Amino acid sequence: MTTTCGKFAACGVSSVSTIKKRRCEKLMTGIGSTTGCGVISGAGLRMDQAKREKGSQVHRDQMLEAAFLHTRIDCYFVGTYAQRVSFASQQYRALDLILALEDKIKPEMRVAVVGAGLAGLMACAVLRHYGAHVHLFEANAEILHRQKAADHRLIHPSITLWPHEKPQLSTNLPVFDWCAASCDRIIANLKREWAETLEPFDCQADNPPEHPLKQTVGAKINGYTRNAGSKEGRLSADEVYPWMADLNFDLVLVTTGYGAENSDAKKDGISYWTPDELIEKRDKALPEKADKTEFYVTGCGDGGLIDALRIVHGDFQNGWITIAIANLLYDTPIAEAIKAAERTALMWARSILSENPQDMRSAYENASVCSHLNDVYTAQAKALLNPKPDDPPAYREANDLLMKSVKKISLSGRVFLAARVAHPFVPNAAPIHKLLIAHALQDNRITYRTGTYFTNKTHSKSWIEFTDHQKVHSGPKTIIIPRHGPEAHHRTIIDSTEQQSLRLRQIMLADRINIHETRTLRKASTTAKALDVRLPYVQSMIAEIDDRYAVDYDGSAYAYHKIVEQAEPSSHCAATLGIDMPVDLFGISSCARFSETETFSLCR
Ligand SMILES: Cc1cc2nc3c(=O)[nH]c(=O)nc-3n(C[C@H](O)[C@H](O)[C@H](O)COP(=O)(O)OP(=O)(O)OC[C@H]3O[C@@H](n4cnc5c(N)ncnc54)[C@H](O)[C@@H]3O)c2cc1C
């Protein structure tokens, strides 16, 4: 496989893996950014740097502002209230936050990281890079516990950014990099990387010895207080090991993320991350089995949209179909129309929210905003269902894939999506999911009804009340799947006023933070070690994905883009490296574009 990309061809790069490897070698050795390929002119580079320096200071300030509460000095919160919260985005946010705090972080300073999810682990790795002494606290009995069993969910590094960005193969992070894969595999690999490369000391009941990286599981942190007249502070926890009372920290990072979901979801025993039997139940209800089971998915965030799609698509394959469609339709008029509509909706929702910061619901479920999105998604789904001769060939290909998939399942009239809003298109769900839902609605595979989910106090019964006063109750022939989103976990550490303040800052600021900044992590023994372990894994995953690639479905598996064989190789090479990000992401201009030769891009 040889890329025809001019810039990379010039430096003899012949495959994605080589490009990644070269980039990683540079990271490990700390070589400056322009020496590798030698294609950027000095003038061009200087201009880039000037723009970046100006831009990055503004973005750094915003980053800190979005993570900071005036009532909590030296305590920072990695944003869960921003848009597009995903595995990768929270890793980027954690990494960016620490880079923004760079001036503050001194070797051997004592830093506590609260919450051992993706953001927490990333924070620890970068803090270690700066030589800080880090102690990670996790409420659960193990790190990365929540998503570890989810073999039924495909996780992708950038699908939520479509159509602004073409789906990329991996996160391109210097540590804890991963490829699109089933969630349980990603988590298993990240855990391995954590244990093998960062080698944390596992603190138990014993008084912990000096160690640059410690982890304590089973400690639910419930407060952080600064010692009187001092710059240090202490954490308190529900389960307190005696030695914890003596620990002082100079800095605290809160990466507690979300809970699993809000309590409604627990009722039906199928939380989003728990392997469920939805497909088995669906298959039992297929016409030839003469089972008249009806399916009601409630909630029109990503969780609800994905589960509705899982039911009506015979080839959903944990989400691979979504990736294939996103790749096909990237850069088409459909994608452009959606991009414009999402930008308008987001700005609209934000302006409503700025007037009434307490009420997220009124902003994100605003009737006019949802109606605007409904018009656009419906029109684009119709275009997909009825491609015209002069439409891009991708329309027909995408529609064929979708139609082949839904025709395998015939549950007409028995799959419902329900939510409180008049239309199932809210600004904070991923555009690709909304497009696929619009397609299924237009093709009558799913019926949308406006209604509200209820459950009794003991969670022994649940039902939906529709606006026409009809009610459906869950039962053996009526399966209700509530997907009502998560609640942030900061609540245990900060009070509700602080929470509101943080939420508003993060919604308004955290998406602006596309630091787009290039760094060489020097003397990064941690990073270098991490890369040794990570590279073979990522490369083997890419190889695996490459094998799958082909947008035409082969009867058993879906596709991924084989990036080196794309029509426009130079843009694909750049996208693969994660360095040529859109200037205009979600309607907000980012500070600068970066050259392909630079080593390490931090963005989102
Ligand atoms: C229903 C649902 C579906 C999702 N689907 C996707 C998807 O398909 N793709 C995707 O990329 N992202 C998805 N996300 C988002 C994704 O789960 C998060 O972005 C990701 O988990 C972020 O990692 P995190 O480290 O910020 O938080 P988390 O993974 O939630 O980790 C936080 C950690 O902090 C711990 N903790 C919490 N409170 C305390 C405390 N007081 N003391 C100590 N420890 C504490 C928790 O136990 C947990 O281990 C989904 C989220 C939800 C809720």
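Q: In which helix do lysine 339 and glutamate 336 both lie?
A: This is a predicted model, so keep that in mind as we go. Lysine 339 and glutamate 336 sit three residues apart, which is about one turn of the helix. The helix they share covers residues 333–355, and that is H11.

Q: What joins the side chains of lysine 339 and glutamate 336?
A: Side chains of opposite charge can pair when their charged atoms come close. For lysine 339 and glutamate 336, the N to O distance is 3.3 Å. That puts the pair inside the 4 Å limit, and the link is a salt bridge.

Q: Is lysine 339 buried or exposed?
A: A residue counts as buried when its relative accessible area is under 20%. Its partner glutamate 336 has 36%, so glutamate 336 counts as partly exposed. Lysine 339 has 17%, so lysine 339 is buried.

Q: Which residue forms a salt bridge with aspartate 74?
A: Aspartate 74 sits in the loop between helix H3 and strand E1. Its partner is in the loop between helix H4 and strand E2, 30 residues apart from it, so to speak a link between distant parts of the chain. The closest N and O atoms are 2.9 Å apart, and the partner is lysine 104.

Q: Which counts as buried, aspartate 74 or lysine 104?
A: The cut-off for buried is under 20% relative accessible area. Lysine 104 has 34%, so lysine 104 counts as partly exposed. At 11%, the buried residue is aspartate 74.

Q: How far apart are the closest N and O atoms of arginine 420 and glutamate 365?
A: Arginine 420 is in the loop between E12 and helix H15, while glutamate 365 is in the loop between helix H12 and helix H13. These are distant parts of the chain, 55 residues apart. Arginine 420 is partly exposed at 42%, and glutamate 365 is partly exposed at 26%. Still, a salt bridge connects them, with the closest N and O atoms at 2.8 Å.

Q: How many salt bridges does the structure hold?
A: The ones we just met, such as aspartate 74 with lysine 104, are part of a longer list. There is also a network of salt bridges that links Arg153, Asp276, Asp307, Arg310 and Arg483. Over the whole structure, the count is 20.

Q: Which strands stand at the edges of the sheet with the order E15-E14-E13-E12-E11-E16?
A: This is an open sheet of six strands with mixed pairing. An edge strand has a single partner strand, so one side of it is left without a neighbour in the sheet. That description fits E15 (471–473) and E16 (478–482).

Q: Which residue is the bridge partner of leucine 417 in E13?
A: Strand E12 covers residues 415–419, and strand E13 covers residues 447–455. The two run parallel and are joined by four bridges. In E13, the partner of leucine 417 is tyrosine 448.

Q: Which residue in E3 stands opposite arginine 110?
A: The other open sheet here has six strands in the order E1-E10-E2-E3-E7-E6, with parallel pairing. Its edge strands are E1 and E6, each pairing on one side only. Inside that order, five bridges join E2 to E3, which run parallel. Opposite arginine 110 stands histidine 133.

Q: How many residues of helix H10 are buried?
A: Helix H10 runs over residues 320–329 and is mostly covered. Among its buried residues are Trp320, Ile323 and Leu328. The tally for the helix is 10 of 10.

Q: Is H10 roughly parallel or roughly perpendicular to H15?
A: The axes of H10 and H15 come within 10 Å and cross at roughly 100°. Angles of 65 to 115 degrees count as roughly perpendicular. That makes H10, relative to H15, roughly perpendicular.

Q: How many residues of the contact of H10 with H15 are nonpolar?
A: H10 brings Thr322, Ile325, Ala326 and Leu329, and H15 brings Ile432, His433, Leu435 and Leu436. Two of the contact residues are polar and none is charged. The nonpolar ones number six.

Q: Which residue in H15's contact list also touches glutamine 380?
A: Glutamine 380 lies in helix H13 and is buried, with a relative accessible area of 13%. Glutamine 380 touches Ile334, Ala337, Ile338 and Leu435. The name that also turns up on the H15 side of the contact with H10 is Leu435.

Terms used:
Residues numbered from 1 in each chain as written. Predicted model: local features only at pLDDT ≥ 70, side-chain atom pairs only at ≥ 80, totals over all residues. Heavy atoms only, no water. Pairing = 2+ DSSP bridges. Buried < 20%, exposed > 50% of the residue type's maximum accessible area, 1.4 Å probe, protein only. Contact = heavy atoms within 4.5 Å. Axes fitted to C-alpha atoms, helices over the stretch in contact; angles between N-to-C directions. Parallel < 35°, antiparallel > 145°, perpendicular 65-115°, else oblique. Nonpolar A, V, L, I, M, F, W, Y, C, P; charged D, E, K, R; others polar. Lists of a residue's contacts leave out its neighbours within four places in sequence.
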